[in-house]
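The following paragraphs go through a strand and its pairing partners, and then a packed pair of helices. Please keep the sequence and the coordinates open while reading.

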Amino acid sequence: MTMLTVRQMRYFEALADTLHFGRAAHRLNITQPALSGQIAQMEADFAVRLFERRPSGVVLTPEGDAVRLRIRRIMGEIRDLEAMAGRREGLTGQLRLGVIASVAPYLLPELLPRAATRFPGLDLGLKENVTERLLADLSAGGLDCALVALPVTDPSFRVVELVDDPFYLAVPMADAARIAQPVRPQALVNERLILLEEGHCMRDQALAVCKIVETRDLASLGATSLATLLRMVAGGLGVTLAPLLALAAEGRNGGIDFLPFHAPQPMRRLALAYRASSGREPGFAALGDCIAGVLADEQAKSQRYVESTERL
């Protein structure tokens with residue numbers, strides 16, 4: 001078997017991510033035959049098929065999936081080394097950022113242009129998912145850092161704490177008058193609480209705030225995004241918790257009132273997590289500062305929105 005090269009691993013990683021030769025070649029800025037040739041050479045060296053070819057693209061074989069896990073870890077270490085060698089130049093090169101689904105829609109539209117201005121040499125890749133999956137990808141080297149809600153208990157990660165994001169109770173507009181404000185969690189015992197699907201950290205946070213155990217008959221309506229969940233609230237299907245970050249954007253769609261909780265107001269703390277071994281602390285601190293600024297600005301918009309609706 002010949003020596004596996006870094007170039008081959010980069011090519012494999014791009015194809016495993018896109019599952020399409022054309023898209024992978026475009027990402028790598030190479031020709032499709034050049035990519036196909038390197039993948040074919042890898043398969044010859046391993047003496048197994050790594051990808052199953054289909055008319056619409058490719059899928060990983062079981063052997064290819066096992067190789068993918070190892071290559072992701074290796075490429076994560078290589079990117080960390082590259083960043084250490086060039087860290088005096090600031091935050092540059094490729095960086096893969098994961099963002100939890102209950103933050104991404106409210107952060108990314110403002111973060112992308114701001115990051116492009118502040119870090120002109122940064123090639124920022126993005127992935128949206130639930131916390132557990134993001135941290136698994138971060139550990140495996142598929143991501144360089146991830147914006148998640150604390151706690152992060154794995155000692156192999158470090159975090160840059162960003163902002164506290166208070167929760168409000170989202171209720172159908174027609175029901176707001178009957179719920180005493182500020183809302184006490186005990187008042188939710190008789191409400192129909194609807195939640196995101198299992199796996200979303202906001203589901204666990206809502207259960208903790210409301211001190212509700214999983215044995216209670218909760219409304220499970222298949223919502224995989226906060227936006228969908230809040231449209232269900234607007235339709236009168238129940239109540240839910242919504243973070244301050246989302247209120248201005250989601251409030252524009254109408255049909256919902258956002259009620260404050262009694263002190264101490266429940267909240268989540270958002271943080272940027274990264275591998276302790278990465279050696280990229282200065283860059284992640286700078287990126288965290290940029291993200292925190294965007295989050296604070298979006299929260300301020302939501303706070304003004306809440307105050308304006310209270311005066312109506």
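In this predicted model, strand β5, residues 145–149, is joined to β9 by 5 bridges, and the two strands run antiparallel. One position fixes the register for the reader: Cys-145 has Tyr-274 as its bridge partner in β9.

Strand β9 also pairs with β6, which covers residues 157–172. This pairing is likewise antiparallel and extends over 9 bridges. Within it, Val-160 stands opposite Leu-272 of β9. Strand β9 itself spans residues 267–275 and is mostly covered, with 7 of its 9 residues buried.

The second part concerns two helices. Helix α5 comprises residues 104–118 and helix α10 residues 281–310; their axes lie 10 Å apart and the packing angle is about 135 degrees. An angle over 145 degrees would count as roughly antiparallel, and 65 to 115 degrees as roughly perpendicular. The pair falls in neither range and is therefore oblique. In handedness, the crossing of α5 past α10 is right-handed.

Which residues of α5 meet α10? On the α5 side they are Tyr-106, Leu-107, Glu-110, Leu-111, Arg-114, Ala-115 and Arg-118. On the α10 side, the residues met include Ala-286, Asp-289, Cys-290, Ile-291, Gly-293, Val-294 and Leu-295, and further along Asp-297, Glu-298 and Lys-301. Sorted by class, this contact of α5 with α10 has 9 nonpolar residues, 7 charged ones and 1 polar one.

Key
Residues numbered from 1 in each chain as written. Predicted model: local features only at pLDDT ≥ 70, side-chain atom pairs only at ≥ 80, totals over all residues. Heavy atoms only, no water. Buried < 20%, exposed > 50% of the residue type's maximum accessible area, 1.4 Å probe, protein only. Helix = DSSP H or I, 4+ residues; strand = E, 2+ residues; numbered from the N terminus. Pairing = 2+ DSSP bridges. Axes fitted to C-alpha atoms, helices over the stretch in contact; angles between N-to-C directions. Parallel < 35°, antiparallel > 145°, perpendicular 65-115°, else oblique. Left-handed = near helix turned anticlockwise from the far one by under 90°. Contact = heavy atoms within 4.5 Å. Nonpolar A, V, L, I, M, F, W, Y, C, P; charged D, E, K, R; others polar.
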